[in-house]
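Here are some short exercises to work through with the structure open beside you. Try each task before reading its solution.

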Amino acid sequence: METGTDRVKRGLALNLKGGVIMDVVNADQAKIAEEAGAVAVMALERVPADIRKDGGVARMSDPNMIDEIQAAVTVPVMAKCRIGHFAEAAVLQALGVDYVDESEVLTPADEEHHIDKWAFTTPFVCGARNLGEALRRIGEGAAMIRTKGEAGTGNVVEAVRHMRTITNEMHAVSSMGDEQLMSAARDMGAPHEIVKEVAETGTLPVVNFAAGGIATPADAALMMGLGVDGVFVGSGIFKSSDPDGYARAIVEATTFWNEPEVVGKVSRGLGTAMPGIEMESLKDSERLASRGW
Amino acid sequence: MSRIGVLALQGDVREHVNILESLDADALEVKKPDELLEIDALILPGGESTTIAKMAVRFGLIEPIRSVIDEGLPVYGTCAGMILLASTISDSDQPVIGALDVVVRRNAYGRQNESFEAPLDVEGLDSPFPGVFIRAPWVEKVGADVEVLAAIDDHPVMVRQGRTLATSFHPELTDDGRIHEMLLELI
């Protein structure tokens, strides 16, 4: 029996496809998420909207809180560590979380390096704004990718931008001759081997979810229509006026994203979505997506 | 050409479709009850069993699936699919189709860190099958009509009852189509 293989790490993400992963900060929220049909929960101390509001250094969650969430639900439990903080990641692995998110939503611990994710049995998911960033993370061992979007804004525009960028760059790479791939790899700062793989298959070698700004069922359907494999919802559930209703509606809209009647039906009478933030009102230093290298 | 439905509420649907197409079968993603009438066999994919079960209930698929299986439609469940087919799930009251007379234990091997690959001896195959187990269930008890086709230690991981086949592992995450061929042979 062999544990921690690429196939089982990437395989769990393949099993999460078509599903919604929800941010939760306690066991009660985790139960609401599971009851609504979430495929997994992301345990964190504060949802991104609160991290944004409160400021200060955002870190890995208290292990007690992760234990309580693991005890409360049977779906996979993910948790976030800071970029480059391999010691937090090691703690999360020891706690038995099912996926580690090396996340720009927390305050980075290393401004040059990400974690060597090959060294872990627990699989990692990482954010990306473009193909080069996605392939660097995969080169470091990430078994799943998500768009960064702009977490805690309730504004889907950045997630759309990141997904469209990744798709366009994959199309460009797929149409290149072999002799062009090395300079393409150099230009985007990505491993040549993986660039070649993308050129051959026309797709990323790992699952890619949308994250960062998804706040409504229609947002989830939009991202699915742009070709993501599933959706992370952070503040969108528990900062809305009706967390149960939003959670359930976003799950249903993700499965039936290409059936507008269903998306419309589940969107009826949901109440107020989380308050959103216009991108122009954010200072550069407030943009979480620019964290990561 | 046989047409195989893959329940497409959530999970590794695409991987099943790919392996079916590699075996020259026609694959149809199934999300609605009436699509069950257009197929020669059904696959319940790997995924999160609680999610798939809830969605199947909300969108009225449990009864229709049970009824096509009762009428003899060959069906194959992998991992979450096995859990959906089981008549009893230990430690859970989540809704089930119940076409397979077994008791299954969810996440029986543990969490993701305990997910593993192991070669498996499968009855009817002349060389080991690459078993991929991801937060996998195992079978704790089988009814009189259930054949065990593969086991690890004392726990069955592949079973068949009439035209219903189930594995706690994921052949769709390999490039080995032999177990999908066993489904096609049940048509």
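**Exercise 1. Find the closest N to O distance in the salt bridge between B:Asp176 and B:Arg178, and decide whether the two residues are buried or exposed.**

Solution. Keep in mind that you are looking at a predicted model.
- Step 1: B:Asp176 and B:Arg178 form a salt bridge whose closest N and O atoms lie 2.9 Å apart.
- Step 2: Buried stands for under 20% relative accessible area, and both B:Asp176 and B:Arg178 are buried.

**Exercise 2. Work out where B:Arg111 and A:Asp98 sit, and which of the words buried or partly exposed fits each residue.**

Solution. A general idea helps to start: side chains of opposite charge can pair when their charged atoms come close.
- Step 1: The side chains of B:Arg111 and A:Asp98 meet in a salt bridge, at 4.0 Å from N to O.
- Step 2: This pair crosses between chains. B:Arg111 belongs to the loop between strand E6 (100–105) and strand E7 (116–120) of chain B, while A:Asp98 belongs to the loop between helix H5 (86–95) and strand E5 (99–103) of chain A.
- Step 3: B:Arg111 counts as partly exposed because its relative accessibility is 27%. A:Asp98 counts as buried because its relative accessibility is 0%.

**Exercise 3. Look at the other salt bridges: what is the N to O distance between A:Arg137 and A:Glu140, and how many salt bridges are there over all chains?**

Solution.
- Step 1: The side chains of A:Arg137 and A:Glu140 meet in a salt bridge at 2.7 Å, N to O.
- Step 2: A:Arg137 has 1% relative accessibility, so A:Arg137 counts as buried.
- Step 3: Chain A also holds a network of salt bridges that links A:Lys80, A:Asp101, A:Glu104 and A:Arg146.
- Step 4: Over all chains, the count comes to 35 salt bridges.

**Exercise 4. Locate the patch of negative charge on the surface and describe the setting of A:Glu68.**

Solution.
- Step 1: The patch gathers A:Glu45, A:Asp62, A:Asp67 and A:Glu68.
- Step 2: A:Glu68 has its place in helix H4 (residues 63–72) of chain A.
- Step 3: With a relative accessible area of 48%, A:Glu68 is partly exposed.

**Exercise 5. Say where A:Leu135 lies and how far A:Leu135 is from A:Phe256 in sequence and in space.**

Solution.
- Step 1: Helix H6 (residues 131–139) of chain A is the place of A:Leu135.
- Step 2: The relative accessible area of A:Leu135 is 0%, so A:Leu135 is buried.
- Step 3: A:Leu135 and A:Phe256 are 121 residues apart in sequence, and their C-alpha atoms are 29 Å apart in space.

**Exercise 6. Describe the backbone and surroundings of B:Asp24 and B:Asp91.**

Solution.
- Step 1: B:Asp24 is not a glycine, yet has a positive phi of about 65°; B:Asp91, likewise not a glycine, has a positive phi of about 65°.
- Step 2: B:Asp24 is in the loop between helix H1 (13–22) and strand E2 (26–30) of chain B, and B:Asp91 is in the loop between strand E5 (86–90) and E6 of chain B.
- Step 3: B:Asp24 counts as exposed because its relative accessibility is 61%, and B:Asp91 counts as exposed because its relative accessibility is 69%.

**Exercise 7. Check how the radius of gyration of chain B agrees with that of a compact globule.**

Solution.
- Step 1: Chain B has five helices and 12 strands.
- Step 2: The C-alpha trace of chain B spans about 40 × 35 × 35 Å along its principal axes.
- Step 3: For 187 residues, a compact globule would have a radius of gyration near 16 Å, so the 15 Å of chain B agrees.
- Step 4: Of the 187 residues in chain B, 63% are buried.

Technical notes: Residues are numbered from 1 along each chain as its sequence is written. Chains are lettered from A and ligands numbered from 1 in the order in which they are written. This is a predicted model: local features need pLDDT of at least 70, side-chain atom pairs count only at pLDDT 80 or more; totals for chains, interfaces and linings use all residues. Side-chain values use heavy atoms; hydrogens and water are left out. Patches are made of residues with over 30% relative accessible area and no salt bridge: like charges are joined within 9 Å, nonpolar side chains (Val, Leu, Ile, Met, Phe, Trp, Tyr) within 5 Å. Accessible areas come from the Shrake-Rupley method with a 1.4 Å probe; for residues, only the protein chains shown count as cover. Lys and Arg count as positive and Asp and Glu as negative; His and the chain ends are not counted. The place of a charge is taken as NZ of Lys, CZ of Arg, CG of Asp or CD of Glu. Helices (H or I, at least four residues) and strands (E, at least two) are DSSP runs, numbered from the N terminus. Buried means under 20% relative accessible area, exposed over 50%, partly exposed in between (1.4 Å probe, protein chains only). The radius of gyration is taken over C-alpha atoms; the globule rule is 2.2 Å times the number of residues to the power 0.38.
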